[in-house]
Amino acid sequence: MALSVADVQAGQELPGRTVHITRATLVQYAGASLDRNPIHWDERFATSVGLPDVIAHGMFTMAAAVNVVSDWVGDAGRVVDYGVRFTRPVAVPHDTGADVEVTGVVKSVDEAAKRATVELTATCNGEKVLGRALAVVALD
Amino acid sequence: MAVNASFAGRTYPATAPYAVGREKIREFAEAVGAVDPVHTDRDEARARGYRDVIAPPTFAVLIAQQCDRQLIVDPEAGIDFSRVVHGEQKFAHHRPITAGDEVVGELHVDTVREAGGHAMVTTRTELSTTEGERVCTATSTIVIRGGE
């Protein structure tokens, strides 16, 4: 069951979450997405090209963040439009991994079109890793 | 290290069809932590009106990046892949990508810009089924970091 437009108002906050990322997460995403760039799993390679450590795929962070929207609206197929800017890489240290905090808020509701726009915020160590992260959902 | 600005406006022919499989959707959904059963449970997907399980919202990147590769490996484009970072990504879904779809992508180079010593290339991949039904427009901006 997807959310009804009557249940959605601008300013509404979505239930947020913390996404824990380890090296295993990145290897799994590399396999599933076919993005096998070694900066995402080989620390020696990543540091040799000037990165602080292995970094998460931006597309992993983008995908994990929108789960907040899919779960809230009740059907992942209702996410009709989704865009982000990658503002800062997420370094994933071997020992600790990384935590990305994701929150979302409804920016606007188009009652005639039965669509809402959600703005997502994703931070790691207090710094934004996604910018202008907007998802449009189709409501009942 | 100049990216070839004359590439703006260029279009690459459609790629070979990508067959969207139920198990690939499951694997991708698990990898990104997408727990909506619409990705894994066919009956649930059908109950919601889909033909079969549907892919998570960013799955299209898997097909779009295969199309983008045509530009990145084109020697005339002048793109040094080791200096590429992903700047921006957008998906406009015309309908969810569904298991059983055969998807082809047509790559368009929309803009090539230089700013602050870096080059920025925005590409748009129009994904459609082999029957010609549009499924997704994926827009990507890559940044090619300038040399020191």
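Which residue in β3(B) is the bridge partner of A:Gly83? I will come to that in a moment. First, a caution: this is a predicted model, and everything I say today is computed from it.

The answer is B:Lys90, which sits in β3(B) and is the bridge partner of A:Gly83. That bridge belongs to a pairing across the two chains. Strand β2 of chain A, residues 79–86, pairs with β3(B) in the antiparallel sense, and the pairing has five bridges.

Now the contact between the chains as a whole. Chain A puts 29 residues into the contact, and chain B puts in 28. On the chain B side, three elements give two or more residues each: α1 (22–32), α3 (60–72) and β3 (84–93). Of the elements of chain B, β3(B) gives the most, with eight residues. Sorted by class, the chain B side of the contact has 14 nonpolar residues, nine polar ones and five charged ones.

A few words on chain B itself. Its secondary structure consists of three helices and six strands. Read from the N terminus, the order is β-β-α-α-α-β-β-β-β. The C-alpha trace of chain B spans about 55 × 30 × 20 Å along its principal axes. Chain B has 148 residues, and 35% of them are buried. If we take the contacts in chain B between residues at least 6 apart in sequence, 70% of those join residues at least 24 apart.

Next, the strands of chain A. Start with β1, residues 13–21, which runs antiparallel to β3(A) and is joined to β3(A) by seven bridges. One of the pairs there is A:Thr18 with A:Glu101, its bridge partner in β3(A).

β3(A) is also joined to β4(A), again antiparallel, by nine bridges. Along that pairing, A:Ser108 stands opposite A:Thr117, and A:Gly104 has A:Leu120 as its bridge partner in β4(A). The hairpin of these two strands has four residues between them, and in this hairpin A:Lys114 takes a positive phi near 55 degrees.

Moving on to the other partners of β4(A). It pairs with β5, residues 127–128 of chain A, in the antiparallel sense over two bridges. Here A:Thr123 stands opposite A:Lys128. The hairpin of β4(A) and β5(A) has two residues between the strands, and A:Asn125 takes a positive phi near 50 degrees. β4(A) is also joined to β6, residues 130–138, by six bridges, and those strands run antiparallel too. In that pairing A:Ala116 stands opposite A:Val137 in β6(A).

Which residues of β4(A) lie on its covered face, and which on its uncovered face? The covered face has A:Ala116, A:Val118, A:Leu120, A:Ala122 and A:Cys124. The uncovered face has A:Arg115, A:Thr117, A:Glu119, A:Thr121 and A:Thr123.

Let me turn to one residue, A:Val100, which is located in strand β3 of chain A, residues 98–110. Is A:Val100 buried or exposed? It counts as buried, because 21 C-beta neighbours lie inside 10 Å and the cut-off for buried is 20 or more. Setting aside neighbours within four places in sequence, A:Val100 is in contact with A:Val19, A:Ile21, A:Thr61, A:Ala64, A:Val90, A:Ala122, A:Cys124 and A:Val129. Two of the residues just named, A:Ala122 and A:Cys124, are on the covered face of β4(A). As for A:His40, it is 60 residues from A:Val100 along the chain, and their C-alpha atoms are separated by 16 Å.

That leads to the nonpolar cores. The largest has 72 residues, and the members that touch the most others are A:Ala65, A:Val100 and B:Ala60. Helix α3 of chain A, residues 58–73, supplies the largest share of this core, eleven residues. For A:Ala65, again leaving aside neighbours within four places in sequence, the contacts are A:Val102, A:Leu120, A:Ala122, A:Leu130 and A:Ala133. A second core is separate from this one and has seven residues, among them B:Val112, B:Val121, B:Ile142 and B:Ile144.

To close, two points to take away. Between the chains, β2(A) and β3(B) pair antiparallel over five bridges. Within chain A, β4(A) is joined to β3(A) by nine bridges and to β6(A) by six, and it pairs with β5(A) over two.

Key: Residues numbered from 1 in each chain as written. Chains lettered and ligands numbered in written order. Predicted model: local features only at pLDDT ≥ 70, side-chain atom pairs only at ≥ 80, totals over all residues. Buried ≥ 20, exposed ≤ 12 C-beta atoms within 10 Å, placed from the backbone. Contact = placed C-beta atoms within 7 Å. Pairing = 2+ DSSP bridges. Nonpolar A, V, L, I, M, F, W, Y, C, P; charged D, E, K, R; others polar. Core = buried A, V, L, I, M, F, W, Y, C linked by C-beta atoms within 7 Å.
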